[in-house]
Amino acid sequence: MGHILSIDNLRTYFFTPSGVIKAVDGITFSLECGQILGIVGESGSGKSMTALSILNLVPHPGKIVGGSVLFKGMDLLKIPKDTIRNIRGARISIVFQEPASYFNPVFTIGFQISETIREHLRVSKKEALEATIEILNSVGFPSPQERYRAYPHKLSGGMLQRAMIAMALCCNPEVILADEPTTALDVTIQAQILSLLKKIRNDRGASIILITHDFGIIAETADVVIVMYAGKIVERAVTSEIFDNALHPYTKTLLASLYKLSNKINNVSSLPPEQNLANQKKNCVFFDRCSMAEPACNDEEQALREKSAAHFVRCWKA
Amino acid sequence: MNNNPLINATGLKRYFDISGPFTFLKKRIVKAVDGVDIKIYNGEAFGLVGESGSGKSTLGRLLLRLIPASQGKIVFLNKDITDLPERRLKELRKQMQIILQNPYASLNPRMRVGKSAAEGLDAHRIGSKRERLDSVIKMFETVGLKREYIQKFPHELSGGERQRVCIARALILNPRFVVADEPVSALDVTIQAQILSLLTQLQKQFSLSILLITHDLRIVRHIAKTTAVMYLGKIVELADTEELFKNPIHPYSKLLLASIPPAHPKDRKNRTHDPENYNAIMFPQNGCRFINRCESAKTECSEEKEILREISKNHWVACSLNYK
């Protein structure tokens, strides 16, 4: 298995009136073919911005200030606009968190999916429509022959998310970026969508980056996990290794939250509130919220070190 | 715990007419709550779970009389409030409050949060200006917010802090009964754990009765002593929370429990049975409402209406297959 996507020292900064916010601050990782890679972190940790940066879709006032995103040897940040348009949605596609706000409400979902197909594959309207029905069918969309004509508001959240996944799949992409694909959904639908993602990986061999704040979802699906905090990777390892042997205090807190949720334990020490992310000049990003912090932590920049085989952590105490 | 429930609803129904302006066409009705009996005792935390569309939020609103019931009776503090006029209801409203799902939407963006939290006191004309301020500060401290926060606007706060403001606002009138409608669904997992700990602590401290509405069973387990599972407007299973987790009987409860994401990759489950193509609303008129999704459905299920029956002590199930 080779690398399909390698991200090297990617940095995306937001230039706001109150200062520079380093949403993504020098992250490096690679995605292997057929792998499900989970990115975990709280809101504001830069996980969604990582996904948008990969496709060079960062919104204003954000800018990608450095690094590279190599997709099969092509640097997506350097290639011309036309070329990346042919990649977005066709070879690398993205599933957003709230399907209701990403579909255009005045077109039917069938039209919107077939539009993507026609844009990328240059086929006739009729062929595109047939492909749409087929893809809707494959994501478990009930009676697609009739319901491809439905407008987004006619569908439930779970169905709309399926349509969104169908749209992401319609050109048979090599990489799927799924940004909190189940956050707005019921647990039963969440279970269905997660098994659909696993099925897509198994049947089509697509590689998936799954972004979430819920370690439960990671436990269910991911092969490898990256934990992000304040734009940096703080820990990276194989899923079972993270669960059995978490090293970074932040990862431990996240896992403790999940454990608390799952096992009915109250009053575990809670995380102090988030600090202002603008203009941070600290050597350990987690310093202010860490229960194990001591002055020595700020002496020098914490680097991502390989603690054991393929287990990286950004904390000198680990 | 005394034997008189704080709130007792019987045969509660709420139908919504969605036919639109063309009433000469076929009349379409959504039975959001379709015959529910519910008792919540003093100081009890009661969990209500179900998917979206199961009518759980509607039920919460009915109990607070934020929307009128189509049928049934609600007794709160030994008073029938089903048809009580708004003027006389106001006195009782102090005793019942709601915490909403989305703290980003439920606070007025142009009002300082201290003012938002004090609105209940203002509406009921309780205390002088000074006293109101004092009680807001005190309540903010109780929910873990510093006193400076009363001067802030909602956009200056994080999601968890906003939800704390909403909790302070709900508790400031010292209510007996609080409906918490998905209080943590919009929050990160770390913050969820904090807010849940806070709610549990406050529930004990003020001996509140809480109706906790959620789709995530993990959350119910934290707070609720008793849990009801709702499906398409009806309660299908009702039991002590621990009993429900250890020994779920209704196929729908089993499905919900099986859908909880695992806490460790070694607990990965195989696909649970849940058909993807079903029409939930098209259940047979005389049959079970879960029939289209049920893995153990038999022919008799389409002929017999499910009735909530007590199958063991304090464990009620509406499934005809599990009775006999």
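A nonpolar core is a set of buried Ala, Val, Leu, Ile, Met, Phe, Trp, Tyr and Cys residues joined through side-chain atoms within 4.5 Å, where buried means under 20% relative accessible area with a 1.4 Å probe, protein chains only. The model is predicted, so that local features need pLDDT of at least 70 and side-chain atom pairs count only at pLDDT 80 or more, while totals for chains, interfaces and linings use all residues. Residues are numbered from 1 along each chain as its sequence is written, and side-chain values use heavy atoms, without hydrogens and water.

**Exercise 1.** Find the residues that touch the most other members of the largest nonpolar core.

*Solution.* The largest core holds 96 residues, and those touching the most other members are A:L5, A:F29, A:L76, A:I92, A:L177, A:I209 and A:F215. Next, A:F29 can be followed outward: beyond its neighbours within four places in sequence, its contacts (heavy atoms within 4.5 Å) include A:L5, A:I39, A:I209 and A:R236. Apart from the largest core lies another, of 63 residues, among them B:V189 and B:L256.

**Exercise 2.** Describe the contact between chain B and chain A, beginning with the residues that take part.

*Solution.* Chain B contributes 36 residues and chain A 42 residues. The side of chain B that touches chain A divides into 13 nonpolar, 11 polar and 12 charged residues, with Ala, Val, Leu, Ile, Met, Phe, Trp, Tyr, Cys and Pro counted as nonpolar, Asp, Glu, Lys and Arg as charged, and the others, Gly among them, as polar. Finally, the interface has 1 salt bridge (a side-chain nitrogen of Lys or Arg within 4 Å of a carboxyl oxygen of Asp or Glu), which joins A:D214 and B:R218 at 3.0 Å, N to O.

Key. Chains are lettered from A and ligands numbered from 1 in the order in which they are written. Buried means under 20% relative accessible area, exposed over 50%, partly exposed in between (1.4 Å probe, protein chains only).
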